[in-house]
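Subject: Structure handover

Hello,

The structure we talked about is below, followed by my notes on it. Please keep it open while you read.

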Amino acid sequence: MTPEETMATIILQFAWLFGGAAILYKKQSGDKKASFADALLLWAGFSVFLLLIFFAAGAIIKHFLR
């Protein structure tokens with residue numbers, strides 16, 4: 001992976017993280033106790049969960065393709 005690809009990947013990851021958190025924060029705007037940090041943590045947890053699902057699916061597919 002070239003340095004340019006690495007930098008683009010990092011920028012996309014931050015855009016995914018903060019964009020998703022901003023959307024969650026806007027949806028939680030009716031809750032007076034909700035903060036952007038709460039939305040950020042919730043979205044980060046969801047992102048890690050999705051990542052684990054994709055890794056598991058990749059491992060299963062790789063296992064059956066042998």
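What covers the buried residues of α1? The cover includes α2. Please bear in mind that this is a predicted model.

The two helices

Helix α1 takes in residues 3-27. It has 25 residues and reaches 36 Å from its first C-alpha to its last, close to the 36 Å expected at 1.5 Å a residue. The buried residues in α1 include G20, A21 and L24.

Helix α2 covers residues 36-65. Its 30 residues should span 44 Å at 1.5 Å a residue, and the end C-alpha atoms are 43 Å apart, so the two values agree. In α2 the buried residues are A39, W43 and S47. What covers them includes α1, just as the cover of the buried residues of α1 includes α2.

Around W43

W43 sits in helix α2. Its relative accessibility is 16% and the cut-off for buried is under 20%, so W43 counts as buried. Leaving aside residues up to four places away in sequence, W43 touches W16, L17, G20, A21 and L24. Of these contacts, G20, A21 and L24 are themselves buried in α1. The C-alpha atoms of W43 and L17 are separated by 6.8 Å, although the two residues are 26 apart along the chain.

Aromatic pairs

How many aromatic pairs does a search of the whole structure find? It finds 4. One of them is Y25 with F36: the ring centres are 5.9 Å apart and the planes are at 80°, so this pair is edge-to-face. Because Y25 lies in helix α1 and F36 in helix α2, the pair ties together parts that are 11 residues apart in sequence. Y25 is partly exposed, with a relative accessible area of 36%. F36 also counts as partly exposed, at 33% relative accessibility.

W43 and F46 give another pair, with ring centres 5.2 Å apart and planes at 45°; planes from 30 to 60 degrees apart count as tilted, so this pair is tilted. Both residues lie in helix α2, 3 residues apart, which is about one turn of the helix. An α-helix has 3.6 residues a turn, so residues three or four places apart point the same way. F46 is partly exposed at 37% relative accessibility, whereas W43 is buried at 16%. Together with W16, these two residues form one aromatic cluster.

The nonpolar patch

Which residues make the nonpolar surface patch? They are M7, I10, I11, F14, F18, Y25 and F36, and the patch comes to about 650 Å². Helix α1 gives the most to the patch, with 6 residues. F14, one of the patch residues, is placed in helix α1 and is partly exposed, with a relative accessible area of 48%. Y25 and F36 belong to this patch and also make the edge-to-face pair described above.

Regards

Notes:
Residues are numbered from 1 along each chain as its sequence is written. This is a predicted model: local features need pLDDT of at least 70, side-chain atom pairs count only at pLDDT 80 or more; totals for chains, interfaces and linings use all residues. Side-chain values use heavy atoms; hydrogens and water are left out. Patches are made of residues with over 30% relative accessible area and no salt bridge: like charges are joined within 9 Å, nonpolar side chains (Val, Leu, Ile, Met, Phe, Trp, Tyr) within 5 Å. Accessible areas come from the Shrake-Rupley method with a 1.4 Å probe; for residues, only the protein chains shown count as cover. A salt bridge is a side-chain nitrogen of Lys or Arg within 4 Å of a carboxyl oxygen of Asp or Glu. Helices (H or I, at least four residues) and strands (E, at least two) are DSSP runs, numbered from the N terminus. Buried means under 20% relative accessible area, exposed over 50%, partly exposed in between (1.4 Å probe, protein chains only). Rings of Phe, Tyr and Trp (its six-membered ring) pair if their centres lie within 6.5 Å; planes under 30 degrees apart count as stacked, over 60 as edge-to-face and the rest as tilted. Contact means heavy atoms within 4.5 Å. The expected span of a helix is 1.5 Å times one less than its number of residues.
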